[in-house]
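Thanks for coming. I will walk through one structure this morning, going from a helix to its neighbours, then to a few loops and rings.

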Amino acid sequence: MLNGGVSPKGNTGIALAEVAKTLSEQGIDTEVYHLPLTPTRDCVSCGKCPKLGRCVFDDDGVNEFVEKAALADGFVFGAPVYYAHPSGRVLSFLDRAFYSGSAAFACKPAAAVASARRAGTTASIDALGKYFGISRMLTVGSTYWSMVHGNCPADVLQDREGLQTMRNLAREMAWLMRCIETARGAGICPPAP
């Protein structure tokens with residue numbers, strides 16, 4: 001899981017913790033990767049990542065995250081909402097991670113989670129989901145939009161519907177991961193592009 005929020009215990013962190021707890025109950029181990037608090041560079045379209053197999057900039061955790069992603073079986077990307085879309089840090093980080101490490105994400109399940117005081121969550125989920133489609137990922141849904149609402153962590157803990165949606169999302173993710181594992185065991189491999 002990627003926590004694009006500033007604090008591990010902030011609103012986005014609470015949503016991801018609920019997902020992690022439910023995945024653990026389903027027998028699935030999780031790791032939360034917290035975006036570094038240092039500034040994140042934008043992709044400069046230098047074209048070097050296909051040759052290097054990594055981003056040319058090695059200063060803000062992108063390459064480390066992609067290395068971890070190659071070993072992961074599924075993803076939950078969490079982002080706070082800033083001005084009705086994901087924070088710029090999250091988008092810059094994901095642009096570079098997906099450009100430089102697209103093979104680490106292909107044919108794996110992914111979900112987007114957004115946290116906001118009030119609005120902008122659906123636009124944020126949509127923005128994050130665009131990475132999934134272009135990277136051949138399998139988008140995991142829930143019983144409602146995967147979002148939590150609150151001005152502070154105490155508010156998010158009172159968002160019963162949002163937290164239930166996180167638990168349902170985790171169960172859908174666990175089911176899909178088991179389906180993929182069963183398919184691989186039966187010799188059914190993802191299609192080649």
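Helices here are DSSP runs of H or I with at least four residues, numbered from the N terminus. What you see is a predicted model.

Let me begin with helix 1, and with what comes after it. Helix 1 is followed by G27, and the phi of G27 is positive, near 85 degrees. The helix itself covers residues 11–25, which is 15 residues. From the first C-alpha to the last it reaches 22 Å, close to the 21 Å expected at 1.5 Å a residue.

Is helix 1 enclosed or open to the outside? Buried means under 20% relative accessible area. Eleven of the 15 residues of helix 1 are buried, so the helix is largely enclosed by the rest of the structure. Near its start these include N11, T12, G13, I14, A15 and L16. Further along, E18, V19, A20, T22 and L23 are also on the list of buried residues.

Next, the surroundings. The buried residues of helix 1 pack against four strands: strand 1 (2–3), strand 3 (75–82), strand 5 (109–116) and strand 7 (147–149). They also pack against helix 6 (153–156) and helix 7 (160–185).

Helix 7 deserves a separate look. The axes of helix 1 and helix 7 come within 8 Å and cross at roughly 45 degrees. Angles between 35 and 65 degrees count as oblique, and the two helices are therefore oblique to each other. Their crossing is right-handed. On the helix 1 side, the contact is made by I14, A15, E18, V19, T22 and L23. On the helix 7 side, the residues are L163, M166, R167, L169, A170, R171, M173 and A174.

One residue of that contact is E18, which sits in helix 1. Which residues does E18 touch, leaving out those up to four places away in sequence? They are L163, M166 and R167. E18 has a relative accessible area of 13%, so it counts as buried.

Now to two loop residues, each with a positive phi. S45 is not a glycine, yet its phi is positive, near 55 degrees. You will find S45 in the loop between strand 2 (33–34) and helix 2 (49–52). Its relative accessibility is 66%, so S45 counts as exposed.

The other one is A84, again not a glycine, with a positive phi of about 70 degrees. A84 lies in the loop between strand 3 and strand 4 (85–86). With 44% relative accessibility, A84 counts as partly exposed.

Last topic: the aromatic rings. How many aromatic pairs does the structure hold? There are twelve. One of them joins F75 and F77, a stacked pair at 5.6 Å centre to centre with 15 degrees between the planes. Both F75 and F77 are buried. Another pair is F98 with F105: the ring centres are 4.1 Å apart and the planes are at 20 degrees, so this pair is stacked. F98 counts as buried because its relative accessibility is 7%. F105 has a relative accessible area of 0%, so F105 is buried too.

These four phenylalanines belong to a cluster linked by ring pairs. The cluster also takes in Y33, F65, F93, Y131 and F132.

That is where I will stop.

Notes. Residues are numbered from 1 along each chain as its sequence is written. This is a predicted model: local features need pLDDT of at least 70, side-chain atom pairs count only at pLDDT 80 or more; totals for chains, interfaces and linings use all residues. Side-chain values use heavy atoms; hydrogens and water are left out. The expected span of a helix is 1.5 Å times one less than its number of residues. Buried means under 20% relative accessible area, exposed over 50%, partly exposed in between (1.4 Å probe, protein chains only). Contact means heavy atoms within 4.5 Å. Rings of Phe, Tyr and Trp (its six-membered ring) pair if their centres lie within 6.5 Å; planes under 30 degrees apart count as stacked, over 60 as edge-to-face and the rest as tilted. Axes are lines fitted to C-alpha atoms, for helices over the stretch in contact, and angles run from 0 to 180 degrees between N-to-C directions. Angles under 35 degrees count as roughly parallel, over 145 as roughly antiparallel, 65 to 115 as roughly perpendicular and the rest as oblique. A crossing is left-handed if the near helix is turned anticlockwise from the far one by less than a right angle, and right-handed if clockwise.
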